[in-house]
Amino acid sequence: MKVVIDEEACIGCGACVALCDAVFRLNDDTGKAEVISGADCAAAGCCNEAAESCPVAAITVEQ
Ligand code: SF4
């Protein structure tokens with residue numbers, strides 16, 4: 001399972017971080033979401049929920 005964030009599309013709303021802070025965080029410099037290095041989407045179990053909640057559909061989860 002792999003998660004990809006379209007940083008161009010991301011508006012930095014923080015919804016993905018609120019729902020799934022084991023995988024997502026906001027970059028201090030850009031204000032946009034990024035995937036935490038080494039995060040395990042399958043183990044976290046919240047990547048799909050985060051993707052569905054993104055208002056600009058910037059998160060893609062590849063099974
Ligand atoms: S939910 Fe979407 S728009 Fe909001 S911070 Fe996460 S990736 Fe960016």
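Visitor: Quick one first. What share of the 63 residues counts as buried?
Guide: In this predicted model, 22% of the 63 residues of the protein count as buried.

Visitor: How many helices and strands are there?
Guide: The protein has three helices and four strands. Starting at the N terminus, the order is β-α-β-β-α-α-β.

Visitor: Why call it as compact as a globular protein of that length?
Guide: Its radius of gyration is 10 Å, and the globule rule gives 11 Å for 63 residues; the two are close, so the protein is as compact as a globular protein of that length. Along the principal axes, the C-alpha atoms fill a box of roughly 25 × 20 × 15 Å.

Visitor: And contacts? What part comes from residues 24 or more positions apart?
Guide: Such pairs make up 55% of the contacts with a separation of 6 or more.

Visitor: Switching to the ligand. Which residues come nearest?
Guide: There are 14 residues around the ligand, and Cys10, Cys13, Ala15, Cys16 and Cys54 come nearest.

Visitor: How does that shell divide into nonpolar, polar and charged?
Guide: Twelve are nonpolar and two are polar. No charged residue is in the shell.

Visitor: Now the largest nonpolar core. Which members touch the most others?
Guide: Cys16, Cys47, Ala50 and Ile59, out of 14 residues in that core. Helix H3, residues 47-53, supplies the largest share of the core, three residues.

Visitor: Cys16 again. What is it in contact with, leaving aside neighbours within four places in sequence?
Guide: Cys16 is in contact with Phe24, Ala33, Ala50, Ser53, Cys54 and Ile59. Of these, Ala50 and Ile59 are also among the core members that touch the most others, and Cys54 is one of the residues that come nearest to the ligand.

Key: Residues numbered from 1 in each chain as written. Predicted model: local features only at pLDDT ≥ 70, side-chain atom pairs only at ≥ 80, totals over all residues. Helix = DSSP H or I, 4+ residues; strand = E, 2+ residues; numbered from the N terminus. Rg over C-alpha atoms; globule rule 2.2 N^0.38 Å. Buried ≥ 20, exposed ≤ 12 C-beta atoms within 10 Å, placed from the backbone. Contact = placed C-beta atoms within 7 Å. Near = placed C-beta within 6 Å. Nonpolar A, V, L, I, M, F, W, Y, C, P; charged D, E, K, R; others polar. Core = buried A, V, L, I, M, F, W, Y, C linked by C-beta atoms within 7 Å.
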